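Visitor: I am new to this structure and would like a close look at a single part of it, beginning with the aromatic rings and then following the chain wherever that leads. Please take your time and tell me how the details fit together.

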Amino acid sequence: MENYLHIFLISMVPFVELRGAMIYAAVAEMPFLPSLICCVLGNIFPVPFLIKFSKGILTYLSKLDKIGWIFQKIIDRGNKKALQVGSWELLGLFFFVAFPIPGTGAWTASLVAALLQLRIKKCLVAIGLGVIACGIIMGLLSFGIPNLFI
């Protein structure tokens, strides 16, 4: 049971996220399906909070002396992209999260969703499905196909 808590918490860590937690689960010889479920839940847990509060935090940081301009530039770029993005933003979030490439995970996708001012419920579905797809890909890579059903 302790290992499940570990992978749940590892899945919540930025940049490591589900990708690192699935590797940990494979190395710890945990069963695939319960590990996948635990990692997906851990990775998705902070997403609504990140979408809800990251824009406010960026706005606050943009008002700081000397470094505020950096955060304002991020906000301005996000607002500009929000006007340019068509109906593909949710599919884009899904693919952004689904492929296990460094820097593309639920945390980054949540920030993108907040900057693009997308609705939390729709983003949560797109990001959640991306996390599940990423978990399956990482399961194949970490556990190996023959070990998925053991």
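**The aromatic rings and their surroundings**

Guide: F95 has a relative accessible area of 40%, so it counts as partly exposed, a class that runs from 20% to 50%. The model in which we read this is a predicted one, and F94, at a relative accessible area of 22%, is partly exposed as well. Before looking at how these rings are placed, it helps to know that a search of the whole structure turns up five aromatic pairs. In one of them, the ring centres of F45 and F49 lie 5.8 Å apart while the planes stand at 55°, so this pair is classed as tilted. F45 has a relative accessibility of 46% and counts as partly exposed, and F49, with a relative accessible area of 47%, is partly exposed too. F94 and F95 themselves make an edge-to-face pair, with 5.0 Å from centre to centre and 70° between the planes. Elsewhere, ring pairs join F8, F45 and F49 into a cluster.

From the rings we can move to the loop between α6 and α7, which is where G103 lies. G103 is partly exposed, with 35% of relative accessible area, and, when residues up to four places away in sequence are not counted, it touches F96 and T108. G103 also shows how the chain returns on itself, for F15 is 88 residues away from it in sequence, yet the two are 6.1 Å apart in space from C-alpha to C-alpha. Beyond this loop comes α7, in which A106, A109, S110, A113, A114 and L115 are buried, and α7 is followed by Q117, whose phi is positive and near 55°.

Helix α7, at residues 106–115, is one of the elements that cover the buried residues of α2, and this covering also includes α1 (2–11), α3 (32–44), α6 (89–98) and α8 (120–143). The buried residues of α2 include E17, L18, A21, M22, A25 and A26, and R19 is buried there too. Just after α2, E29 takes a positive phi of about 55°.

R19 deserves a slower look. R19 sits in helix α2, which covers residues 17–27, and although buried, R19 has no salt bridge. The side chain of opposite charge nearest to R19 belongs to E17 and is 4.3 Å away, which means that this pair falls outside the cut-off, since a salt bridge needs the charged atoms within 4 Å. What, then, does R19 contact once its neighbours within four places in sequence are left aside? The contacts of R19 are V97, F99, P100, I101, T104, G105, C134 and M138.

One of those contacts, C134, leads to the cysteines. A search of the whole structure finds zero disulfides. C39 is in no disulfide, and the cysteine sulfur nearest to C39, that of C38, is 5.9 Å away, whereas a disulfide would need the two sulfur atoms within 2.5 Å. At 0% relative accessibility, C39 counts as buried. C134 likewise takes part in no disulfide, and the nearest cysteine sulfur to C134, that of C39, is 10 Å away. C134 is buried, with a relative accessible area of 1%.

To place these details in the whole, the protein chain has eight helices and zero strands. Its C-alpha trace spans about 55 × 35 × 25 Å along the principal axes, and buried residues make up 37% of the chain's 150 residues. Of the contacts between residues at least 6 apart in sequence, 71% join residues at least 24 apart.

A last word concerns confidence in the prediction. The mean pLDDT of the protein chain is 89, and 92% of the residues reach 70 or more. Among the elements of the chain, α3 has the highest mean pLDDT, 96, and helix α5, at residues 68–84, has the lowest, 78.

Definitions and conventions
Residues are numbered from 1 along each chain as its sequence is written. This is a predicted model: local features need pLDDT of at least 70, side-chain atom pairs count only at pLDDT 80 or more; totals for chains, interfaces and linings use all residues. Side-chain values use heavy atoms; hydrogens and water are left out. Helices (H or I, at least four residues) and strands (E, at least two) are DSSP runs, numbered from the N terminus. Buried means under 20% relative accessible area, exposed over 50%, partly exposed in between (1.4 Å probe, protein chains only). Lys and Arg count as positive and Asp and Glu as negative; His and the chain ends are not counted. Contact means heavy atoms within 4.5 Å. Rings of Phe, Tyr and Trp (its six-membered ring) pair if their centres lie within 6.5 Å; planes under 30 degrees apart count as stacked, over 60 as edge-to-face and the rest as tilted. pLDDT is the predictor's confidence in each residue, from 0 to 100.
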